[in-house]
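Biologist: Got the model open? I'd like to go through it with you, starting with the pockets.

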Amino acid sequence: MKKVLVFGMTENPGGVESVIMNYYRNIDHQKIHFDFLCNSHNPIAFEDELKQSGSKCFHFVARSKKPLQYCHALNTFFRQYAPEYDAIWVNVCSLANIDYLKLARKYGISRRIIHSHNSENMDSALRGQLHKFNKKRISKYATDFWACSEDAAKWFFEGETLKNTVIVNNAIDITKMRFDANKRKSFRKQLAVEDKLIIGNIGRLHFQKNQDFIIDIFSALIKKEPNAVLFLIGQGEDESKLKTKVKNLHLEKSVYLLGVQQDIQGWLSAMDLFLFPSRFEGLSVVAMEAQANGVPVLASKNVIPAEVKINENFQFYGLEHSAAEWADQIVWMSHHLARLNSEKILKSFMRKNFEIKQEAKKLQDWFLKNEY
């Protein structure tokens, strides 16, 4: 059995966490054992499930909170446990902190994977500078270079490192996101929006995801489609600002900020269009999940990587267009693009290598290689 140490899970059940869990759930745990490094003393997303499956979760204080305690605890951990592991798999959106790879190299973990999950800086200017600095030295500490898309690879790597990057697709279990007519009826009924045109977005309430612009689009849309409502699912630092904007635009009766939700399949099934005008992305899991559900998707052009498009009812549109023009595009799509059926979706996901079972088998075979 191969033992792999994984970093990248946080308390928030977001995109990176979903990618890791999708692979985790579809790999043979009799052949590969995963344990998790967590830079928080609070439980990470899916921790109960991980422990029930036999994985350990090692918690440390974050470097930003108590740097000396963090350094001591991490060094102590790697000194004691590094010999037990065949590989470390570091999943991050920035190279601002590569301590895990440094210590893995120092204490002898032979395979050291850095996996890029984003395509632009979403942190402070200081972390952006640290990223640039570490980008030039990452090849000294990592042995393998993975990314979720070509854009994410270019954000993390350069030169020979970039040439050697492997694209690991953000594959999903499409059966878990399949359209459910009963859930559609139930979810719409509980909010008394059975007869509405429902536009939805799922993601962290953050500058990157551009919910501020989504509200502008919806404000223009409701003038053309008075029957429309907007679902914003997620939480984040922009929540209070978005609530204030909704109030100032007098949209309280039409915009639902629903917080974090567990049944993503149900909420996607309730929607008529998934709106995704992000300012930057690596390769979005939720865009994959929306397509697995078959709902039409409208996403930002030249921002969302082209390889995200799996279904024919997925459309790109430029952020240079006004909110009113985006609203016109939504009106056109709502009249001309239907939800796709499950059989067609499965064929598309298999053809584009985004079906989790076949992609997890590839990852498993890689981890089982006798020589790294």
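Biologist: What volume does the second largest pocket have?

Modeller: The second largest pocket comes out at about 150 Å³. A pocket here is an open set of points on a 1 Å grid over the protein atoms alone, where a 1.4 Å probe fits and there is protein on both sides within 12 Å along at least five of seven lines. Points are joined across faces, edges and corners, and the volume is the space filled by probe spheres set on them. Keep in mind that this is a predicted model, where local features need pLDDT of at least 70, side-chain atom pairs count only at pLDDT 80 or more, and totals for chains, interfaces and linings use all residues. Residues are numbered from 1 along each chain as its sequence is written, and side-chain values use heavy atoms, with hydrogens and water left out.

Biologist: Which residues line the second largest pocket?

Modeller: The lining is Tyr23, Trp146, Val166, Ile167, Val168, Asn169, Glu359, Lys362, Leu363 and Trp366, where lining means having an atom within 4 Å of a point.

Biologist: And which helix gives the most to that lining?

Modeller: Helix 16, with four residues. Helix 16 (356-367) and strand 7 (166-167) each supply at least two. Helices (H or I, at least four residues) and strands (E, at least two) are DSSP runs, numbered from the N terminus.

Biologist: How does the lining split by class?

Modeller: Seven nonpolar, one polar and two charged. Ala, Val, Leu, Ile, Met, Phe, Trp, Tyr, Cys and Pro count as nonpolar, Asp, Glu, Lys and Arg as charged, and the others, Gly among them, as polar.

Biologist: You mentioned strand 7. Where does strand 7 sit in the open sheet, at the edge or in the middle?

Modeller: The seven strands of that open sheet go 3-2-1-4-5-6-7, with parallel pairing. Strand 7 is an edge strand, as is strand 3, and each pairs on one side only. Pairing takes at least two DSSP bridges between two strands. Strand 6 (residues 144-147) is joined to strand 7 by two bridges, and Ala147 has Ile167 as its bridge partner in strand 7.

Biologist: Other end of the sheet now. How many bridges join strand 2 to strand 3?

Modeller: Three, with strand 3 (residues 57-59) running parallel to strand 2. Cys38 has His59 as its bridge partner there. With strand 1 (residues 2-7), strand 2 pairs in the parallel sense over six bridges. The chain gets from strand 1 to strand 2 through helix 1 (residues 15-24), in a right-handed β-α-β crossover. Right-handed means that, with the strands pointing away from the viewer, the path from the first strand over the helix to the second runs clockwise.

Biologist: Why is strand 2 largely enclosed by the rest of the structure?

Modeller: Seven of its seven residues (32-38) are buried, so strand 2 is largely enclosed. Buried is under 20% relative accessible area, exposed over 50%, partly exposed in between (1.4 Å probe, protein chains only). In a regular strand the side chains alternate between the two faces of the sheet. Here Ile32, Phe34, Phe36 and Cys38 are buried on one side, and His33, Asp35 and Leu37 on the other.

Biologist: And Asn121, where is it found?

Modeller: In the loop between strand 5 (111-116) and helix 5 (125-135). Asn121 is partly exposed, at a relative accessible area of 25%.

Biologist: Last one: how many helices and strands does the protein have?

Modeller: 16 helices and 13 strands. Buried residues make up 55% of the 372 residues.
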